Amino acid sequence: MSADPAPSSLRNTLLTALMALVFGFLGAAAWSYSGLADNRTRAFLLGNPDLLPQMAQAYEEQEAGKRLAQMGGAVFEPFPGVVLGNPNGKTVLVEFTDYNCPYCEASLKDVNRLIAEDPDLKVVIREWPIFEGSDVASRMALAAGLQGKYRAFHDAMFATGDVEAAARKAGLDMERAQRDAASEAVSTEIARNLDHARALGFTGTPAWIAGKTPFGGAVGYERLKAALAKTGEAG
């Protein structure tokens, strides 16, 4: 008895399930019953398993986009002063970040390059302290925003890794900053950012929203620039 039919059936089932995941069950049925599942398309997919994570990522971003559309515009509204680039810019990039995240630090140069290239770029930072010990830094960053010194603190914090040193380097009024960092307004903002991240399905930092497209990871300058370019085309 041949052992081929069972694995073949399993592979076809998995491929059909993948099509359902990405294109919906109607599209998967059409793909399966059209005969394409048994010829070159099927062979191509089986021969290129690296497409699976790419398709899964595309699906996740598609679903995140749907959730973003249901959230309204609150996620695009910055906490007072917590903006990089042009505060009145029409092109908007949202970044969820954590000061103890090495990928966030690595992404800083990409964000700075985008800001330098586009005077109309507004980068809304959502402080999302998910690493141990990050809460204090995030609170002080928001306090810096209330003093109009967010950019200075943001850069100093990534450079020094020390909250007090970064606050002093940024020139903060320390007494006011400590009071603001412990305020209800700051606590509410951090809780709100957690809710936003969960609603969008983000699992870590950095995470981004460019236009109507949410996506996660240290994706690099080119991916961020391309996402922002699509925003301009949509506008």
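Here, a residue counts as buried under 20% relative accessible area, exposed over 50%, and partly exposed in between, using a 1.4 Å probe and protein chains only. The structure is a predicted model, and residues are numbered from 1 along each chain as its sequence is written. Local features need pLDDT of at least 70, side-chain atom pairs count only at pLDDT 80 or more, totals for chains, interfaces and linings use all residues, and side-chain values use heavy atoms, with hydrogens and water left out.

A good place to start is the sheet. Helices (H or I, at least four residues) and strands (E, at least two) are DSSP runs, numbered from the N terminus. Two strands are taken to pair if DSSP finds at least two bridges between them. On that basis there is an open sheet of 5 strands, in the order β1-β3-β2-β4-β5, with mixed pairing. β1 and β5 (213–216) stand at the edges with a single partner strand each, so one side of each has no neighbour in the sheet. Direction ignored, neighbouring strands of this sheet are turned by 20 degrees against each other on average.

Both kinds of pairing can be followed strand by strand. In general, strands of a sheet pair through backbone hydrogen bonds, either parallel or antiparallel. β2 and β3 take the parallel option, over 7 bridges, and glutamate 95 stands opposite isoleucine 125 in β3. β4 and β5, on the other hand, pair in the antiparallel sense over 4 bridges. There, isoleucine 209 has proline 214 in β5 as its bridge partner. β4 and β5 also form a hairpin with 2 residues between them, and glycine 211 in the turn has a positive phi of about 65 degrees.

Next come the helices that lie over the sheet. Axes are lines fitted to C-alpha atoms, for helices over the stretch in contact, and angles run from 0 to 180 degrees between N-to-C directions. Contact itself means heavy atoms within 4.5 Å. α5 lies across β1, β2, β3 and β4 (207–210), and runs at about 155 degrees to β3. α7 lies across β1, β2 and β3, running at about 90 degrees to β1.

α7 (residues 150–160) has a set of buried residues, namely Tyr150, Phe153, His154, Ala156, Met157 and Phe158. Their cover includes β1 (83–85), β2 (91–97), α5 (102–117), β3 (121–127), α6 (134–146) and α8 (163–169). Just after α7, glycine 161 takes a positive phi of about 75 degrees.

α6 also packs against two other helices. With helix α9 (residues 174–181), α6 makes an angle of about 120 degrees, the axes being 8 Å apart. Angles under 35 degrees count as roughly parallel, over 145 as roughly antiparallel, 65 to 115 as roughly perpendicular and the rest as oblique, and α6 and α9 are therefore oblique to each other. On the α6 side, Arg139, Met140, Ala143 and Leu146 make the contact, meeting Arg176, Ala177, Gln178, Asp180 and Ala181 of α9. With α10, α6 packs at an angle of about 115 degrees, and here the axes are 10 Å apart. Asp135, Ser138, Arg139 and Leu142 in α6 meet Val186, Ser187, Glu189 and Ile190 in α10.

Finally, the charged side chains. A salt bridge is a side-chain nitrogen of Lys or Arg within 4 Å of a carboxyl oxygen of Asp or Glu, and the count comes to 8 salt bridges by this rule. An α-helix has 3.6 residues a turn, so residues three or four places apart point the same way. In α7, arginine 151 bridges to aspartate 155, with the closest N and O atoms 2.8 Å apart. The two are 4 residues apart, or about one helical turn. Arginine 151 is partly exposed at 28%, and aspartate 155 is partly exposed too, at 29%.

Glutamate 189 and arginine 192 meet in another salt bridge (2.9 Å, N to O). Both lie in helix α10 (residues 184–200), 3 residues apart. Glutamate 189 is buried, with a relative accessible area of 1%, whereas arginine 192 is partly exposed at 35%. Elsewhere, salt bridges that share partners join Arg113, Glu117 and Lys225 into one network. Within that network, glutamate 117 and arginine 113 have their closest N and O atoms 3.3 Å apart, and the pair sits 4 residues apart in helix α5. Glutamate 117 is partly exposed at 40% relative accessibility, and arginine 113 is partly exposed at 43%.
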